There are 2 protein chains.
Amino acid sequence: MKNGARKGKSLAQLCVEKGMTLTKKRKVIINVIEKDPGHLNTEDVYNRAKMEDSSISIATVYRSLKLMRDYNVIDHHSFGQEHQHFESPMKSHHDHFVCNECGKITEFTDNSLEKLKINVARSHDFEMHSHRLEIYGLCSDCSKTSQ
Amino acid sequence: MKNGARKGKSLAQLCVEKGMTLTKKRKVIINVIEKDPGHLNTEDVYNRAKMEDSSISIATVYRSLKLMRDYNVIDHHSFGQEHQHFESPMKSHHDHFVCNECGKITEFTDNSLEKLKINVARSHDFEMHSHRLEIYGLCSDCSKTSQ
DNA sequence: TTGTTAATTGGGAATGAATATCATTTTTAC
DNA sequence: GTAAAAATGATATTCATTCCCAATTAACAA
Ligand SMILES: [Mn+2]
Ligand SMILES: [Mn+2]
Ligand SMILES: [Zn+2]
Ligand SMILES: [Zn+2]
């Protein structure tokens, strides 16, 4: 789920623009998210944040992630699982392959797919703000192995 | 999330094929899901099942839905919300518009989009089993109103 | 700076959805 | 029919998330 056109701005900047105050704790949390190239769940964020600031509380992590989610400044996915995974909005828009065998998540982008999504939404008179496409199946590794 | 090619078979049949025994309670639950054209959460299923069989337990509803989910005979979505929503697999494959304003969920199908998904997966050497596309934004009603 | 107010936070309690347990009931296989 | 296996209801338990509130920190005018 991406709003696009956010490249160039840091997550911190986006938060400020939305009116969030950038406290020390929030800076730590933002730093954790921006540093990671993948998809972190709440526990992941908490564990990494504690390494930078051992006094940080799990409640603050939950509160901050919820806040950023509500303000639409971080992306989140559930990937068919129970818990949410968060990722930096600095990455340009992409979709995900989810391997049902090994759980690996791979990111991909396809321009014609993006264009088609826009057209489909328009033709159904739906004002698209964001979208999420997840493709489930077997990654190339698991596909070979299972033969 | 659809496996396609399941049209014609009832949910009950699919369950039997997977090796599930069709108990009285499960028949009630299956009936609830097949009867509804939309997307039910666990509580919804429980409430409706109780109307057909007041002795049914919420534990059984959880167990049965989990089982059918694990056996891939019912479709489930989270729509960016907390709880999962289930729907009958009898409906042919479709994607969803989710209105951020009124919460309304609309189903749609687009053949060229489906073809493109297949091509994209193939070109990334990913063996697609199912996929899920959710488009978030404003439905036509809310789009008009918010002007 | 300093003081005043509002916002944020840590820690622990509360909540609640989902699962586990276990005695009882139902289904299956013979 | 009987015996073994599976499913169920009621309830206890788990555990991720939220709530609560006193203490801390941030914002900002003087
Ligand atoms: Mn991603
Ligand atoms: Mn649907
Ligand atoms: Zn894999
Ligand atoms: Zn709407």
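A salt bridge, for my purposes, is a side-chain nitrogen of Lys or Arg within 4 Å of a carboxyl oxygen of Asp or Glu. With that rule I get two salt bridges across the interface of chain A and chain B, and 22 over all chains.

**Ground rules**

I'm working with a predicted model, where local features need pLDDT of at least 70 and side-chain atom pairs count only at pLDDT 80 or more, while totals for chains, interfaces and linings use all residues. Residues are numbered from 1 along each chain as its sequence is written, chains are lettered from A and ligands numbered from 1 in the order in which they are written, and side-chain values use heavy atoms, with hydrogens and water left out.

**Entry 1: chain A by itself**

I looked up the secondary structure, where helices (H or I, at least four residues) and strands (E, at least two) are DSSP runs numbered from the N terminus. Chain A has six helices and five strands. Along the sequence I read the pattern α-α-α-α-β-β-β-β-α-β-α. The C-alpha atoms of chain A fill a box of roughly 50 × 40 × 25 Å along the principal axes.

I also picked out one salt bridge inside the chain: R48(A) and D36(A), 2.4 Å from N to O. This pair links distant parts of the chain, with R48(A) in helix α3 (residues 42–52) and D36(A) in the loop between α2 and α3, twelve residues apart.

**Entry 2: how the two copies are related**

Two copies of a chain are related by a rotation about an axis and a shift along it. I checked this pair with a least-squares superposition on the C-alpha atoms of residues with pLDDT of at least 70 in both copies. Chain A lands on chain B after a rotation of 180° and a shift of 0.1 Å along the axis, with an RMSD of 0.1 Å. The copies are therefore related as by a two-fold rotation axis. In chain A, L133(A) has the C-alpha nearest that axis, 2.2 Å away. Both copies use the same surface, since 100% of the contact residues of chain A recur in chain B (contact means heavy atoms within 4.5 Å).

**Entry 3: the interface of chain A and chain B**

How many residues of each chain are in contact? I find 35 residues of chain A against 35 residues of chain B. Next I looked up buried area, the accessible area (1.4 Å probe) that two parts lose on being put together, summed over both. Chain A and chain B bury about 3000 Å² between them, 65% of it on carbon and sulfur atoms. In chain A, F126(A), R132(A) and Y136(A) lose the most area to chain B, together 20% of what that side buries.

One salt bridge here joins R132(B) to E134(A), with the closest N and O atoms 3.4 Å apart. I also counted polar contacts (pairs of N or O atoms within 3.5 Å; within protein, one must be able to donate a hydrogen and the other to accept it, and residues adjacent in sequence count only if both atoms are side-chain atoms). Across the interface there are 13 residue pairs in polar contact, both residues at pLDDT 80 or more.

On the side of chain A that touches chain B, β3 (95–99), α5 (111–123), β5 (127–138) and α6 (140–145) each supply at least two residues. β5(A) gives the most to that side, with twelve residues.

**Entry 4: DNA strand C**

I call a residue near a strand if one of its heavy atoms lies within 4 Å of it. DNA strand C has 16 residues around it, the closest being T23(A), K25(A), S57(A), R63(A) and Y62(B). Of the atoms of DNA strand C that come within 4 Å of the protein, 74% belong to sugar and phosphate.

I noted a phosphate oxygen 2.6 Å from a side-chain N or O atom of K25(A), and a phosphate oxygen 2.5 Å from a polar backbone atom of S57(A). What does the side chain of R63(A) come to on DNA strand C? An N or O atom in that side chain is 2.9 Å from a base nitrogen.

**Entry 5: DNA strand D**

DNA strand D also has 16 residues around it, and Y62(A), T23(B), K25(B), T60(B) and R63(B) come nearest. Here sugar and phosphate make up 77% of the strand's atoms within 4 Å of the protein. A polar side-chain atom of T60(B) lies 2.3 Å from a phosphate oxygen, and a polar backbone atom of S57(B) is 3.0 Å from a phosphate oxygen. α4(A) gives the most to the surface near DNA strand D, with four residues.
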